[in-house]
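Student: Got a minute to go through a model with me? I'd like to talk about pockets, cavities and charged pairs.
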Amino acid sequence: MSILLEEKQRAFADLRDIKANLAARGWFPATSGNLSVRVGGFEPDAFTFAITSSGRDKSVQTPEDFLLVNEKGQPTEATSLKPSAETLIHSEIYRLTGAGAIFHVHTIFNNLISELYWERKSIPVDGVELIKAFNIWDEEAQIEIPILPNYAEIPRIAELVEGAIVPRIPGIVLRKHGIYAWGVNAFEAKRHLEAFEFLFEYVYRSHLLHKGN
Ligand SMILES: CSCCC(=O)C(=O)COP(=O)(O)O
Ligand SMILES: [Zn+2]
């Protein structure tokens, strides 16, 4: 599959913008987090995406921030850059959803909420307006956001993704780790990520409020 220079540059520009935006919110503490945008055509067994390099300070912009990889997470061009350690999770989400962009961040609220609801294996959200950010328009909608274990070996997590994906929920939380949110493009993936983080903070604070009664 040939990726035009123009497509690659557009994907890198999208990633640069979203990286700066999320960094300004403090959503990449201690080099954590990774971002990707798919480029070119899509077949579940053949696709390419641009992804952040591993272990870098995502609050600074450098020419070494992104590279292209194939569906197996292997670089498609000669490079000394290492793709994100979590590339296989991105690959699996692309394969299963055909998404156009995937953003992963570690925040205090996504970590806290994943532990609070770990035994349930999903985070319940009831009737909060921002659920509409997922294009779910039912009045008083109730959703459950899936949580997966945070194994040290990424392939072990990747193999659980298929069983965890809920069609109308564009995200998966890893226990005491962070969230993966996706969308048809970078704009939609950002909207979904912001909605998840709002809902996590709401559910967590609501839990504290009711616990005090
Ligand atoms: C210090 S963060 C630990 C790894 C991680 O969870 C993460 O999101 C960043 O990994 P990457 O290889 O994408 O930099
Ligand atoms: Zn992570």
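Tutor: Sure, here's a walk through the open and closed spaces, then the surface and the salt bridges. Keep in mind that this is a predicted model.

Student: Okay, what volume does the largest pocket have?

Tutor: About 160 Å³.

Student: And which residues line that pocket?

Tutor: The lining of the largest pocket is made up of Tyr117, Pro124, Val125, Asp126, Val128, Tyr202, Val203, Ser206, His207 and His210. Two elements give two or more residues each: strand S5 (122–126) and helix H5 (186–211).

Student: Which element gives the largest share?

Tutor: That's H5, with five residues of the lining.

Student: What's the mix by class in there?

Tutor: Six nonpolar residues, three polar and one charged line the largest pocket.

Student: Switching to closed spaces: how many cavities of 30 Å³ or more turn up?

Tutor: The search of the whole structure gives one. The space in the largest cavity is about 30 Å³.

Student: What lines the cavity, and what's the class mix?

Tutor: Around the largest cavity you find Lys19, Thr52, Ser53, Arg56, Asp57, Lys58 and Asp65. That lining has five charged and two polar residues, and no nonpolar ones.

Student: Which salt-bridge network includes Lys19?

Tutor: Lys19 is linked with Arg56, Glu64 and Asp65 in a network of salt bridges. Lys19, Arg56 and Asp65 also appear in the cavity lining.

Student: How many salt bridges are there in total?

Tutor: The count comes to 17.

Student: Which one links distant parts of the chain?

Tutor: Take the pair Lys8 and Glu77, whose side chains meet at 2.9 Å, N to O. Lys8 sits in helix H1 (residues 5–24), while Glu77 is in the loop between strand S3 (66–70) and helix H2 (87–97), and the two are 69 residues apart.

Student: Is Lys8 buried or exposed?

Tutor: Lys8 counts as buried because its relative accessible area is 19%, and the cut-off for buried is under 20%. Its partner Glu77, at 39%, is partly exposed.

Student: What about a pair within one helix, like Arg191 and Glu188?

Tutor: Both of those lie in helix H5, three residues apart, which is about one turn of the helix. The closest N and O atoms of the Arg191 and Glu188 salt bridge are 3.9 Å apart. Glu188 is buried, with a relative accessible area of 16%, whereas Arg191 has 28% relative accessibility and so is partly exposed.

Student: And what does Glu129 pair with?

Tutor: Glu129 meets Lys132 in a salt bridge at 3.0 Å, N to O. Glu129 has 53% relative accessibility, so that residue counts as exposed. Lys132 is partly exposed, at 28%.

Student: Last topic, the surface. Which residues form the nonpolar patch?

Tutor: Leu130, Phe198 and Tyr202 do, and together they have about 280 Å² of accessible area. Tyr202 is also one of the residues lining the largest pocket.

Student: Where's Leu130, and why does it count as partly exposed?

Tutor: You'll find Leu130 in the loop between S5 and strand S6 (142–148). Leu130 counts as partly exposed because its relative accessibility is 32%, and partly exposed is what falls between the 20% and 50% cut-offs.

How values were computed: Residues are numbered from 1 along each chain as its sequence is written. Chains are lettered from A and ligands numbered from 1 in the order in which they are written. This is a predicted model: local features need pLDDT of at least 70, side-chain atom pairs count only at pLDDT 80 or more; totals for chains, interfaces and linings use all residues. Side-chain values use heavy atoms; hydrogens and water are left out. On a 1 Å grid over the protein atoms alone, a cavity is a set of points where a 1.4 Å probe fits but cannot get out, and a pocket is an open set with protein on both sides within 12 Å along at least five of seven lines; lining residues have an atom within 4 Å of a point. Grid points are joined across faces, edges and corners, and a volume is the space filled by probe spheres set on the points. Helices (H or I, at least four residues) and strands (E, at least two) are DSSP runs, numbered from the N terminus. Ala, Val, Leu, Ile, Met, Phe, Trp, Tyr, Cys and Pro count as nonpolar, Asp, Glu, Lys and Arg as charged, and the others, Gly among them, as polar. Patches are made of residues with over 30% relative accessible area and no salt bridge: like charges are joined within 9 Å, nonpolar side chains (Val, Leu, Ile, Met, Phe, Trp, Tyr) within 5 Å. Accessible areas come from the Shrake-Rupley method with a 1.4 Å probe; for residues, only the protein chains shown count as cover. A salt bridge is a side-chain nitrogen of Lys or Arg within 4 Å of a carboxyl oxygen of Asp or Glu. Buried means under 20% relative accessible area, exposed over 50%, partly exposed in between (1.4 Å probe, protein chains only).
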